[in-house]
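Reader: I would like a close look at one part of this model, the place where the two chains meet. Please take me through it carefully, and then set it beside some of the packing and pairing found elsewhere.

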Amino acid sequence: MSKFTMTRRGLLKAGAASGVALAAPMSFVRGAYAQDFCNMPTGGSVTLGFNVPQSGPYADEGADELRAYQLATKHLNGEGDGGLLNTFSSKALKGNGILGKKVEFVTGDTQTKSDAARASAKRMIEKDGAIMITGGSSSGVAVAVQGLCQEMGVIFMAGLTHSNDTTGKDKRRYGFRHFFNAYQSGLALGPILAEELGKDRTAYHLTADYNWGWTQEESIKDATEGLGWQTANAVRTPLGAGDFSQYLTPVLNSGADVLILNHYGKDMVNSLTQAVQFGMREKQVNGKDFQIVVPLFSRLMAQGAGENIKGILGTTNWNWSLQDEGSKAFVKSFGQEYGFPPSQAAQTCYVQALLYADACERAGTFYPPEVIKALEGFEFDGMGNGATLYRGADHQCFKEVLVVKGNENPQSQFDLLEVVKIVPREQVTYDASIFGGDLGPADAKTC
Amino acid sequence: MDAILLQLLNGLDKGGAYALIALGLTLVFGTLGVVNFAHGALFMLGAFCAVTFNKLLGLEKVVVDETQTTAWGTALEIRTPYIESWFGEFGSFLLNYSVPVSIIVAIPVMLVIGIVMERGLIKHFYKRPHADQILVTFGLAIVLQEIIKHYFGANPIPQAAPAAVAGSADIGAWLGLGDGLVYPWWRLVYFGFSAAVIAAVFAFLQFTTYGMVVRAGMRDSETVGLLGINIQKRFTVVFGIAAVVAGLAGVMYTPILPPDYHMGMDFLVLSFVVVVVGGMGSLPGAVLAGFLLGVLQSFASMNAVMTIFPGINQIIIYLVAVVILLTMPRGLLGREGVMED
C-alpha cells in the first residue's frame with residue numbers, strides 16, 4: 001500500500017499540468033466552441049450576401065460589383081484561373097472554398113437607399129443564412145448596413161464608400177473598409193495640386209449637400225489651405241440637381257482660378273460637363289489657366305462625362321492600367337470573363353471577398369470574433385494596391401492612393417484615366433483618433 | 001451686372017425646358033382632363049431618341065487585329081463607324097450634327113408613342129377618378145424608365161452638341177459689357193428652340209381650323225361633339241402633339257444634361273408646380289410660369305441671395321407656388337371652373 005503525500009513542489013507541478021490540460025482543448029477546437037453564432041455554417045457550403053445597387057442611379061456600378069463577387073466566388077471554389085489567389089501574399093486560401101466549404105451566395109438590392117439596403121441585408125441574414133454581408137456604392141448605405149451588421153453580429157465588408165465617417169465617427173467592430181476615404185484623397189491630392197497648379201491659387205468648391213460631400217469638402221479644403229491656397233467660396237448643391245448652371249455662373253465672377261467639384265456619380269458628370277460648356281477650361285483668371293479638380297474619380301462615371309474629363313485631376317482607389325502583378329492578374333481574369341476591364345468598385349469588392357475568406361482560413365473558424373481578430377492589423381500584398389494594412393484601430397485599409405488625370409489621348413474607350421502618381425501608403429496614413437467614433441464590442445450574437 | 005445677366009439667361013434656358021414640358025401637360029389636361037404623370041417619361045424618351053439615333057449612326061465596323069492584344073489577353077478590336085466609311089465627309093457631318101438631326105426622327109416616333117399611349121392605356125381611365133389616372137400614369141412612367149434602364153444602363157450617356165456650337169458665345173462683346181462674359185452657345189440655341197416650338201404650338205391652335213376645333217373642345221367638348229365633330233379623335237392627336245413637344249424638349253436638352261433613365265422624373269415634379277402656378281388648363285399660364293420659375297430658381301442660387309437666405313435655392317419654387325396660390329387660387333392665368341367641380 002502506498003502512501004500518498006503531496007509536497008508544495010508537487011502541488012505546483014500538478015496545478016500547472018492541469019492548467020495546460022484544461023487550456024489545450026480550447027486551442028484545438030476553437031472553431032467548435034460557441035456554436036450559437038449567427039448563421040454558423042453546418043452543411044457543406046457557406047453563404048455570402050452580396051448587397052449591391054441593382055437598381056437606382058448606381059446600378060451600373062452595382063452590376064460591376066456583382067460581376068467581381070461572382071468571379072471571386074469562382075476563384076474561391078477553385079474554378080477559373082484563380083485570379084488574385086495566385087498573387088495574394090497570404091497563402092491560406094487553397095481554392096477549395098472557405099474552410100473546405102463550398103462558397104455560395106445570395107444577392108440583395110441596396111437601391112442606394114439606406115432603408116432598402118438594411119432591409120435587403122436583414123433578409124439575407126435572417127432568411128438566406130448569409131454569414132457575411134458585402135458590397136454597396138454609397139457611404140450612407142455603408143454606414144446603415146454596418147450598423148445593422150454590428151447589431152446582428154455579422155461581418156460587413158464594405159464596397160465603394162469614400163466618406164470619412166465609415167471608418168471614422170460611425171466605425172463598427174463588425175465593419176471593414178478596403179476602399180480609401182476623402183481624407184486620404186486630400187492627403188494624396190494636395191502635394192500634386194501644388195506641383196501641377198502652384199501654391200498661389202484660389203479655389204471655389206461646389207459640394208453635394210450630404211454626408212460624403214461635406215467630409216470631402218472639409219478634407220480637400222484642409223489640404224489645399226495647408227498648401228497656401230485660398231478658398232473663395234464653398235457652395236452646397238442639392239443632390240441630383242441636374243442643371244448646375246446657376247451654381248456655375250457665380251464661379252466666373254468670384255476671382256477663383258480653380259473649381260473643385262465635390263460631386264460623385266451623375267452629379268459629377270453633369271457639373272463637370274456644364275463647367276466645360278461654360279468655357280472654364282479655356283478661361284484665364286489672375287493670370288493663370290483656370291483649372292477644374294474632381295477629387296474622387298470613377299472610370300465608370302468618367303465615361304458619362306465623355307471628352308470633358310481630359311486633363312482633369314483627381315484620385316482613385318485603383319485603375320486597371322496598373323502594372324503590378326496583382327492588378328494584371330485581376331484585369332486578365334475579369335477581362336477574359338466579361339470582355340472589358342474591371343472598375344475600381346469591382347476591384348475593391350473582389351478583394352474584400354477574398355480578404356474575408358482568407359481571414360476565416362487563418363482564424364480556422366467562421367466564428368466572427370476570431371475572424372475580426374484575424375483581419376485587425378493584417379498586413380498583405382499582391383492585391384493591386386501595394387503593401388496594405390487593415391488597421392485594427394478603425395478597420396480602415398492603408399495602402400497606396402492613385403492621383404489620376406483624365407487621359408488626353410485615350411487608346412480605347414476604357415482608357416480614360418492616366419495615373420499621375422502612386423502616392424505611397426505612409427503619405428496617406430493618419431492618426432485613427434482624429435475622427436473619433438467607437439468600434440464597439442466584438443461579441444458573437446445569435447440570429 | 002454680369003452675374004445678373006448670366007443668371008437671367010440660365011433662368012430663361014431652364015424655364016424653356018419647364019415651359020415645354022408644362023405646355024404638353026396642360027394640353028393633355030385641358031383636352032382630355034387627364035393628369036398625366038408619364039409626361040416626364042416622354043421628355044426622357046425624346047432624349048433617348050437622340051441617344052438611339054446617335055448610336056445607330058455610330059454603329060461600327062469591327063476589325064480584329066490579331067497582332068495586337070488587350071490588357072486581358074484577347075485580340076484588339078479596331079472600330080470605325082460604318083457611316084464614315086460609306087459616306088465619307090457627309091457621314092462625319094451627320095455624326096457631328098446627330099442631336100439636331102435626330103429631331104426629324106423624334107417627331108414621328110414621339111407622335112406614335114403618344115397616340116399608342118393614349119389609345120392603348122389612358123383612354124380607359126377617362127371616367128375614373130383623378131387618383132386612378134395619376135396612379136396608372138405614374139406606374140407607366142416607372143415601366144418606361146425601367147425599360148430604358150434595361151437597354152441603356154443607369155449611367156448618363158453624353159451627347160455632344162455640334163462642334164460649331166459646342167463652345168461659348170462672347171456675349172459680353174455683343175452687349176458692350178467687356179470681355180470674359182461668355183455663355184454656352186448650345187444653351188442659347190436651346191432657348192431659341194423652345195421659343196420657336198412654343199410659338200409653333202400657339203400658332204397651330206390659334207390660326208388653323210384644326211386648332212380652333214381643339215380649342216372649342218377644350219371649352220366645351222360636349223357641344224362640339226353635338227355638332228358632329230369627332231372631338232375624341234382630335235384630342236388623341238393633341239396627346240400625340242404634347243408627346244412630340246415633350247420629346248423635342250428632351251432631344252435638344254441632351255447636350256446640356258447627359259440623359260439617363262431618371263431625367264424625366266427630375267423634371268416632372270417641377271413641371272407640375274409650373275402648371276399649377278400658371279393655372280390649370282391655361283397654355284399661356286404654363287409658358288409664363290415656366291419662364292418665371294426658371295428665372296427665380298436661378299436668382300435664388302446667387303451667392304448674395306444664399307448668404308441672406310441660406311437654402312432658399314432649394315425651396316424658392318415651392319415658396320412662390322404657395323404665395324401665388326394663396327393670393328391667386330386659380331394660378332396666374334387660370335380659368336374659372338377648371339378642376340373646381
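Author: What follows describes the contact between the chains and then turns to a helix pair and a salt bridge outside that contact.

The model is a predicted one, and the values below are computed from it. The contact draws 37 residues from chain B and 44 residues from chain A, and together the two chains bury about 3,000 Å², 50% of it on carbon and sulfur atoms. On the side of chain B, Trp72(B), Asn155(B) and Asn303(B) supply 22% of the area that this chain buries against chain A, which is more than any other three residues give.

Charged and polar pairs also span this contact. Side chains of opposite charge can pair when their charged atoms come close. Between chain B and chain A there are four salt bridges, and Lys14(B) forms a salt bridge with Asp243(A), where the closest N and O atoms are 3.3 Å apart. Across the interface, 20 residue pairs are in polar contact, counting pairs with both residues at pLDDT 80 or more. Helix 1 (2-32), strand 4 (183-184), helix 12 (283-300), helix 13 (303-308) and helix 14 (312-327) of chain B each supply at least two residues of the side that touches chain A, and helix 1 of chain B gives the most, with six residues. By class, that side of chain B has 17 nonpolar, 14 polar and six charged residues.

Within chain B, the axes of helix 5 (residues 98-120) and helix 10 (residues 231-253) come within 7 Å and cross at roughly 145°, and the crossing is right-handed. Among the residues that meet there are Ile103(B), Met110(B) and Leu111(B) in helix 5 and Phe239(B), Val244(B) and Leu248(B) in helix 10. The residues of this contact divide into 15 nonpolar, six polar and two charged.

Over all chains the count comes to 29 salt bridges. One of them joins the side chains of Glu376(A) and Arg173(A), at 2.8 Å from N to O. Glu376(A) lies in the loop between helix 12 (368-375) and strand 13 (378-380) of chain A, and Arg173(A) lies in the loop between strand 4 (155-158) and strand 5 (175-177) of chain A, so the pair ties together parts that are 203 residues apart in sequence.

Methods:
Residues numbered from 1 in each chain as written. Chains lettered and ligands numbered in written order. Predicted model: local features only at pLDDT ≥ 70, side-chain atom pairs only at ≥ 80, totals over all residues. Heavy atoms only, no water. Contact = heavy atoms within 4.5 Å. Buried area = accessible area lost by both parts, 1.4 Å probe. Polar contact = N/O pair within 3.5 Å; in protein donor to acceptor, adjacent residues only side chain to side chain. Helix = DSSP H or I, 4+ residues; strand = E, 2+ residues; numbered from the N terminus. Nonpolar A, V, L, I, M, F, W, Y, C, P; charged D, E, K, R; others polar. Axes fitted to C-alpha atoms, helices over the stretch in contact; angles between N-to-C directions. Left-handed = near helix turned anticlockwise from the far one by under 90°.
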